[in-house]
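Here are some exercises to work through with the model open beside you. Try each task yourself before you read its solution.

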Amino acid sequence: LTILLDGSVSMQGPAEKKNSAGKYAAAVSWLKKNQAGTAGVARTECYVFSDRLYRTDCSSPAASGAAYFESDLGQALNGLFDARGAGSAGPDRIWVITDGLSLAARGSQRLPPALKNKIDILGVGDPMASRGVAITDFSGPGFAIAHIPFGLKAELKAAGWTGRKLELSLKDQDGAIIEKRTWSVRGDEEIS
């Protein structure tokens with residue numbers, strides 16, 4: 001098991017709104033707490049990554065100079081596989097512990113082919129849902145016959161609209177309203 005701990009500048013921010021401890025400190029605390037159990041079932045090695053990969057001790061991971069840079073997970077993963085030599089299968093499993101903030105800014109990168117189905121992303125910090133409404137699923141019959149009623153199913157997710165009523169409209173290709181519904185949002189994050 002290889003553990004990659006995001007040591008970037010974004011991980012220095014608070015882990016939770018109410019807690020002053022940084023996300024990196026929270027991740028290190030979790031890693032220390034679970035290191036003995038993890039080491040009991042798998043041979044583990046740990047790295048801190050940001051601009052590059054830094055080898056570290058799993059029982060006391062130090063951020064080194066990583067804390068001043070954005071994360072480059074693609075470069076870290078390629079560095080991990082390159083260090084093992086060409087054609088290496090690499091580790092059996094990789095855990096990436098990150099808040100994900102600086103990862104989103106990176107474009108698509110070429111990842112090692114041997115990485116397939118070996119990676120898990122473990123999130124750190126307070127997951128703040130942005131306010132909005134998203135259509136998470138929309139389905140209907142494979143085909144329909146004119147003048148015979150059929151049903152459509154839409155699944156929506158709303159965040160940050162507690163206590164509000166939202167008016168939803170289904171329109172045809174010309175913009176004419178086919179049906180309207182009002183949705184009363186009861187919870188902070190609700191799927192209906």
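One definition first: a residue is called buried under 20% relative accessible area, exposed over 50% and partly exposed in between (1.4 Å probe, protein chains only). The model is predicted, so local features need a pLDDT of at least 70 and side-chain atom pairs count only at pLDDT 80 or more, while totals for chains, interfaces and linings use all residues. Numbering starts from 1 along each chain as its sequence is written, and side-chain values use heavy atoms, with hydrogens and water left out.

**Exercise 1: L122**

Task: find L122, decide on its class of exposure, and list what it touches.

Solution. Start with the secondary structure, where helices (H or I, at least four residues) and strands (E, at least two) are DSSP runs numbered from the N terminus. L122 sits in strand β7, residues 119–123. Next comes exposure: L122 is partly exposed because its relative accessibility is 22%. Now look for contacts, meaning heavy atoms within 4.5 Å. Skipping residues up to four places away in sequence, L122 touches W30, W95, V96, I97 and T98. Finally, pick out A27: it is 95 residues from L122 along the chain, yet their C-alpha atoms are separated by 9.5 Å.

**Exercise 2: the aromatic pair**

Task: two of the residues that L122 touches are W30 and W95. How are their rings arranged, stacked, edge-to-face or tilted?

Solution. Take the rule first: rings of Phe, Tyr and Trp (its six-membered ring) pair if their centres lie within 6.5 Å, and planes under 30 degrees apart count as stacked, over 60 as edge-to-face and the rest as tilted. That rule gives a count of one aromatic pair. In this pair, W30 and W95 are 6.3 Å apart, centre to centre, with 50 degrees between the planes, so the pair is tilted. The pair links distant parts of the chain: W30 belongs to helix α1 (residues 23–41) and W95 to strand β6 (residues 94–98), 65 residues apart. As for exposure, W30 is partly exposed because its relative accessibility is 35%, and W95 is partly exposed too, at 21%.

**Exercise 3: T38 and A76**

Task: are T38 and A76 buried or exposed?

Solution. Begin with T38, which lies in helix α1. T38 has a relative accessible area of 14%, so it is buried. Apart from neighbours within four places in sequence, T38 is in contact with L1, T44 and W95. Then move to A76 in helix α2, residues 73–84. A76 is buried because its relative accessibility is 1%. With the same kind of neighbours left aside, A76 is in contact with F49 and L53. A76 and V48 are 28 residues apart in sequence and 9.0 Å apart in space, C-alpha to C-alpha.

**Exercise 4: G132 and H147**

Task: where do G132 and H147 sit, and what is there to notice about each?

Solution. G132 is in strand β8. G132 counts as partly exposed because its relative accessibility is 23%. Not counting residues up to four places away in sequence, G132 touches K157, A158, A159 and W161. For A158, the C-alpha distance to G132 is 5.8 Å, with the two positions 26 residues apart in sequence terms. H147 belongs to the loop between β8 and β9. At 84% relative accessibility, H147 is exposed. Check the backbone too: phi of H147 is near 70 degrees, a positive value in a residue other than glycine.

**Exercise 5: the whole chain**

Task: how many helices and strands are there, and in what order?

Solution. The chain has two helices and 12 strands. Reading from the N terminus, the order is β-β-β-α-β-β-α-β-β-β-β-β-β-β. Of the 192 residues in the chain, 31% are buried. Lastly, among contacts with a separation of 6 or more, 60% come from residues 24 or more positions apart.
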